[in-house]
Amino acid sequence: ALHQVTGGNTVEDAAAYAAKKYGLSALPTVLFAQRGDLALFNGGAGPAFGIVAHKGKDAIFVGPRGLHRIPLKQCTRAWRVGV
């Protein structure tokens, strides 16, 4: 299903597809991400998407046991949400 909709095979491919479709700009580095931006983290359970937290140093992800705060520098990609 992922390939049929996005043309890709990974969660990161799906994110790039959705970002392009909805006009989100990929950031050159995750360290440019700000509060509310979308971030990708490749953890032990696989890739996950989260939202950059209010101070811009961490991103919040949903995991099997609730919310997890991950340092932004451990994320692999980020997209600007909004202007």
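This report describes the sheet, the packing of a helix on it, a short N-terminal helix and the largest pocket of a predicted model.

**The sheet**

Six strands form an open sheet in the order β1-β6-β2-β3-β4-β5, and their pairing is antiparallel. The edges are held by β1 (25-26) and β5 (66-71); each has a single partner strand, so one side of each is left without a neighbour in the sheet. Helix α2, made of residues 11-21, packs on the sheet and touches β2, β3 (46-52) and β6. The direction of α2 makes about 15° with that of β6.

The strand pairs are set out below, each with the number of bridges and the sense of pairing.

| Strand pair | Bridges | Sense |
|---|---|---|
| β1 and β6 | two bridges | antiparallel |
| β2 and β6 | three bridges | antiparallel |
| β2 and β3 | six bridges | antiparallel |
| β3 and β4 | two bridges | antiparallel |
| β4 and β5 | six bridges | antiparallel |

**Pairing around β6**

Strand β6 covers residues 77-80, and its partner β2 covers residues 38-43. Within this pair, Leu-38 of β2 stands opposite Trp-79 of β6, and Leu-40 stands opposite Arg-77. Trp-79 is also the bridge partner of Ala-26, in the pairing of β6 with the edge strand β1. Trp-79 thus takes part in a pairing with Leu-38 and in one with Ala-26.

**The hairpins**

Moving from β2 towards the other edge, the next element is a hairpin of two residues that joins β2 to β3. Asn-42 stands opposite Pro-47 of β3 in this part of the sheet.

The hairpin of β3 and β4 has five residues between the strands. Gly-56 in that hairpin takes a positive phi near 75°. Strand β4 spans residues 58-63, and Ile-60 in β4 stands opposite Ile-51.

A further hairpin, again through two residues, joins β4 to β5. Here Gly-63 and Gly-66 stand opposite each other, with Gly-66 in β5.

**Thr-6 and its surroundings**

Which helix holds Thr-6? Thr-6 lies in helix α1, which runs over residues 2-6. A polar atom of the Thr-6 side chain lies 3.0 Å from the backbone nitrogen of Gly-8. Leaving aside neighbours within four places in sequence, Thr-6 is in contact with Ala-14 and Tyr-17. Helix α2 takes in residues 11-21, the stretch of sequence that holds both of these contact partners.

**The largest pocket**

The volume of the largest pocket is about 180 Å³. Its lining consists of 13 residues, and those nearest its centre are Phe-41, Ala-45, Ala-48, Val-62 and Gly-63. Which strands supply at least two residues each to this lining? They are β2, β3, β4 and β5. Gly-63, one of the residues nearest the pocket centre, is also the residue that stands opposite Gly-66 in β5.

How many residues of each class make up the lining of the largest pocket? Eight are nonpolar and five are polar, and no charged residues are present. Gly counts among the polar residues in this division, so Gly-63 falls in that class.

Technical notes
Residues are numbered from 1 along each chain as its sequence is written. This is a predicted model: local features need pLDDT of at least 70, side-chain atom pairs count only at pLDDT 80 or more; totals for chains, interfaces and linings use all residues. Side-chain values use heavy atoms; hydrogens and water are left out. Two strands pair if DSSP finds at least two bridges between them. Helices (H or I, at least four residues) and strands (E, at least two) are DSSP runs, numbered from the N terminus. Contact means heavy atoms within 4.5 Å. Axes are lines fitted to C-alpha atoms, for helices over the stretch in contact, and angles run from 0 to 180 degrees between N-to-C directions. A polar contact is a pair of N or O atoms within 3.5 Å; within protein, one must be able to donate a hydrogen and the other to accept it, and residues adjacent in sequence count only if both atoms are side-chain atoms. On a 1 Å grid over the protein atoms alone, a cavity is a set of points where a 1.4 Å probe fits but cannot get out, and a pocket is an open set with protein on both sides within 12 Å along at least five of seven lines; lining residues have an atom within 4 Å of a point. Grid points are joined across faces, edges and corners, and a volume is the space filled by probe spheres set on the points.
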